[in-house]
Amino acid sequence: MASAAIFSSLRRRRSPSLEAFLAPVDLTEVALVQTLAAISSELVSCFSNKVFFFQRRNSRSLIRKMEIFVVLLEYLRDSGSGSLSSLPSTAILCFKELYLLLYRSKILLDYCAHSSKLWLLLQNRTISGHFHDLNQEISTLLDVFPIKDVKLSDDVREQVELLQKQARNAKLYVDKSDENARVRFFSFLKEFENGRIPNHVDLSLFFVERLGIRDGKSCRCEIEFLEEQIVNHEGDIEPTASVLNGFVAITRYCRFLLLGFEEDEVQLSFGNQKKPRKGLITREIADTFLTVPKDFCCPISLDLMRDPVIISTGQTYERSSIARWMEEGHCTCPKTGQMLIHTRLVPNRALRNLIMQWCTAHGVPYDPPETTDAESFAAALPIKAATEANKATATLLIEQLAQGSQGAQTVAAREIRLLAKTGKENRAFIAEAGAIPHLRKLLSSSSPVAQENSVTAMLNLSIYDKNKSRIMDEDGCLTSIVEVLRYGLTTDARENAAATLFSLSAVHDYKKRIADQEGAVEALAGLLRVGTPRGKKDAVTALFNLSTHTDNCAIMIEAGAVTALVGALGNEGVAEEAAGALALVVRQPMGAEAVGKEEMAVAGLIAMMRCGTPRGKENAVAALLELCRSGGAAATERVLKAPALAGLLQTLLFTGTKRARRKAASLARVFQRCENAPLHFGGLGVGYAFAGNSTTNNSNFPGDVSVPMSISVL
């Protein structure tokens, strides 16, 4: 239990909890002393030769205290069980308290040994306080310890008494040199806050000479560690998440200003060795994705949820995904489109418990969140210093995109991709600084890593509305994106190209241009048929957007998109969107004819009416209604003869959503006008008529089709 708490604390990289353990209650005096001797000896051997970059004096002082406890405990252990059985009860109580202190010391020393330099620097005073608290508790323990009643040799007694005196007189110690460095770090933040870029020499003296950060890899580790604190914070973090964002931005700027690109060039030459991203589905789960219950997957990311939360509309999402959505400035629910009354995220503990039980039962790895009540990344709003530092970094990166080596260009594209993940300010100034033309050139790179990072950077930039026109107006940019979609060197590159087309197609004027691009619709249809779950989602949402433009119907039919959409009706992950797109396509006679020729179209829509989600049922009945209206008598007859349709319509009339009820009533009226309607629908006419009294004619195209829309930044 103790070791689990230690590793949990280290995993979270947070200030260690000093109340994580319970004292042993079931150990005999002999076993207790033997256990303490082993723990203290291990602690000293682990850390006595460790070099601490910060908290050197406090760490050495604590280790020396532990060394004296080792002497005491080993003497008692070696003195035999006879003398141990005669230990006063007060001594036993002190030893149980020592058990806690030893483990708390281990946590603190581990923390100082494995945390990043910048984080330890920022936490300098807090961590010094932890050392002082431990020293005070050691002093209290020694004051209570009945040293006169315990049989000890003179030299051991002398060492314990000396330790008692030293602990009693110890003061809080904050290293002045470390504190000056912390203040210096904050001064750089202030300079950026005031719109000034700190002197190159001063930055070099601080990062390279003072902190010893001499290569890109170590600098990246520092950045990732600080970013982890932002993600994991629980609202009690100091500095605040927004200030930490500023320090991350400064460190990233210095990484490229001072250390160049060489370290990463070497790494990238060996291929795209990705670090697994938090919150994404693991390979073990991906291999069996279709077996994961849909309710356990985030509607935005499609990944198994680790930390499900409920928003004001009652929908549940993965915390990190919905937090990014809100941070990007959206104020609606991605799934329902409803306005958010507030941005509070309420943990869905019941669902999380079900997910954990399911993972345990199926042997699926599951890493539960350590900060379930965090407001998370969305609260980490940028400060001016972060924006200014990121602008300076973007300038350096774009210079490398324009003039650097192939490896440097690849690194620059990756960093622009990461920089454009959050915040419209970042996306705006990156595009304004001229990144898009250079990223376009990298789209045709022979390097899989360069191509994937450039198309993903383009995707992240396109989320900002003003950048959509910059991308579409850039000569050859749309063509290059489509080429990546068709012939991309990696699966992720092709999928992210599809997501980019989805993002760009949000502008109505661009839908026709995208569809007219040679091979675009055909490639999206192919991705919908054979892509990964995420790729299919990107493809179907892009096709839905394109289908809202009436002039694209013929192209979608010719390119096989209609066939792909019909096939997607049987895929739970994309069925809603596929039905929505079909409902738009069949509003035109040629679309209705094409759908009518698809053998499985009506059966697929009927199946969705039976087993689909509420939105899926809405879109399915809407598609059948439009098929009847635009497809003529033959199409109407095919729908009319579909088995079980009468019962499904009746169910929708009484249990469906408002829109589903309206569509079901309209479809019922279509049947009532047919010659054979009484034969198939018996006495349901009254129900339909009742529902029809409160309905109106079909809504205007295309807003009457309901499909959730969201873009995942990558």
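**Exercise 1.** Find the residue that forms a salt bridge with Arg168, and place both in the chain.

Solution. Arg168 forms a salt bridge (side-chain nitrogen of Lys or Arg within 4 Å of a carboxyl oxygen of Asp or Glu) with Asp143; the closest N and O atoms are 2.7 Å apart. Next, the location: Arg168 sits in helix α8 (residues 154-169) and Asp143 in helix α7 (residues 124-144), 25 residues apart. Helices are DSSP runs of H or I, at least four residues, numbered from the N terminus. The model is predicted: local features need pLDDT of at least 70, side-chain atom pairs 80 or more, while totals for chains, interfaces and linings use all residues. Residues are numbered from 1 along each chain, and side-chain values use heavy atoms, without hydrogens and water.

**Exercise 2.** Describe how α23 packs with α26.

Solution. Take the axes (lines fitted to C-alpha atoms over the stretch in contact, with angles from 0 to 180 degrees between N-to-C directions). Helix α23 (residues 477-487) and helix α26 (residues 520-530) pack at about 35°, axes 9 Å apart. Now list the contact (heavy atoms within 4.5 Å): Val482, Leu485 and Arg486 of α23 meet Ala520, Ala523, Leu524 and Leu527 of α26.

Notes: Helix = DSSP H or I, 4+ residues; strand = E, 2+ residues; numbered from the N terminus.
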